[in-house]
Amino acid sequence: MVSGPFTCDRRELTAVEMTTYQPGLTTGVYAYRVAARLVGVPAPRITRWADGYIFQVKEGYGSSRPVLQTERHKGVITFNELFELFFVREYVALGVSLPHVRRTAEVLADQLGPHPFASAELIVSGRELILNSAESVLQRPDVGQLVADFAVGFARQVAFRSNRAAQYRPHGFQSHVFLDREIRAGEAVVTSHAIPTRSIYALWEQEKSIPAVAEYYDIPASDVSAAVRYEGQWRLAA
């Protein structure tokens, strides 16, 4: 099991509790547009993956069910659901259709419980689970291999509690920026005092001085620089 600086012992949640897990201060919660930035896909795609969608066919309309399997609140993504979407992104990027991705999630949920793609068992040591699900559901073992390889690298960015993803360190910012489901509702913060990166960026926009911001928050200049770079990437992409 991977641990992080805020790792703590908590009892395991029952399947019923996990299914009805409420988004909020202890679970992390993200608007779709924020989840889209973190996952690296357009916001409408997050909506389709999370809520399903209706499409026009020759005679009327068809529908595609959500990829996310658990009962959830539309309009927001919890921390566990965010991790589900990282894996959905990988499958879709490999050309796997959403019905097949959904079926893969169902197969894995039967073995791992709700939010299987956020399970430490899958991310850290689930190579065979991924390969087997790909072989039985997708008929594409090569897809399973590529997703398993993704999980190996992804595990270096994740810390777990109670066998579920609890903390995420974005690639390129691992030593400075992290998102923790129990800290500021999963908002991106810097390591020193869990100060939101958006707050640091807002002050930097006023001061235009990394040393001045570092002195104000009493944190290393390297944390300020990382926060500015992290927040700046979203604004450049807007």
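Two strands count as paired if DSSP finds at least two bridges between them, and the close-up views below, all taken from a predicted model, begin with a hairpin to which this rule applies.

**View 1. Strands S5 and S6 form a hairpin with two residues between the strands.** Strand S5 covers residues 158–161 and strand S6 covers residues 164–168, and the two pair in the antiparallel sense over four bridges. Within this pairing, Val158 has Tyr168 of S6 as its bridge partner, while Phe160 is bridged to Ala165, likewise in S6. In the same hairpin, Ser162 takes a positive phi near 50°. Both faces of S5 are covered, with Val158 and Phe160 buried on one side and Ala159 and Arg161 buried on the other.

**View 2. The hairpin strands S5 and S6 belong to an open sheet of five strands.** The order of the strands is S5-S6-S7-S8-S9, and their pairing is antiparallel. S5 and strand S9 (195–196) are the edge strands, each of them pairing on one side only. Although S5 is an edge strand, both of its faces are covered.

**View 3. A further hairpin, with two residues between its strands, is made by S2 and S3.** Strand S2 (residues 53–57) and strand S3 (residues 60–64) pair in the antiparallel sense, and five bridges join them. One residue to follow here is Gln56, whose bridge partner in S3 is Tyr61.

**View 4. Helix H5 runs from residue 98 to residue 112 and has 15 residues.** From its first C-alpha to its last, H5 reaches 20 Å, which is close to the 21 Å expected at 1.5 Å a residue. Its buried residues are Leu98, Val101, Arg102, Thr104, Ala105, Glu106, Val107, Leu108, Ala109 and Leu112. An α-helix has 3.6 residues a turn, so residues three or four places apart point the same way. Just after H5 comes Gly113, which takes a positive phi of about 90°.

**View 5. Glu106 is a buried residue that lies in helix H5.** Glu106 counts as buried because its relative accessibility is 18%, and buried means under 20%. Once its neighbours within four places in sequence are left aside, Glu106 is in contact with Arg65 and Gln69.

**View 6. Helix H5 packs against helix H7, which covers residues 127–138.** The angle between the two helices is about 130°, and their axes lie 10 Å apart. H5 is therefore oblique to H7, and the crossing of the two is right-handed. On the H5 side, the contact is made by His100, Arg103, Thr104, Val107, Leu108, Gln111 and Leu112, and on the H7 side by Leu129, Ser133, Val137 and Leu138. Among the H5 residues in this contact, Thr104, Val107, Leu108 and Leu112 are also buried.

**View 7. Ala212 is found in helix H10, which covers residues 210–217.** Is Ala212 buried, exposed or partly exposed? Ala212 is partly exposed, because its relative accessible area is 29%, a value that falls between the limits of under 20% for buried and over 50% for exposed. Ala212 and Val224 are twelve residues apart in sequence, and the distance between them in space is 9.7 Å, C-alpha to C-alpha.

Notes. Residues numbered from 1 in each chain as written. Predicted model: local features only at pLDDT ≥ 70, side-chain atom pairs only at ≥ 80, totals over all residues. Heavy atoms only, no water. Buried < 20%, exposed > 50% of the residue type's maximum accessible area, 1.4 Å probe, protein only. Expected span 1.5 Å × (residues − 1). Axes fitted to C-alpha atoms, helices over the stretch in contact; angles between N-to-C directions. Parallel < 35°, antiparallel > 145°, perpendicular 65-115°, else oblique. Left-handed = near helix turned anticlockwise from the far one by under 90°. Contact = heavy atoms within 4.5 Å.
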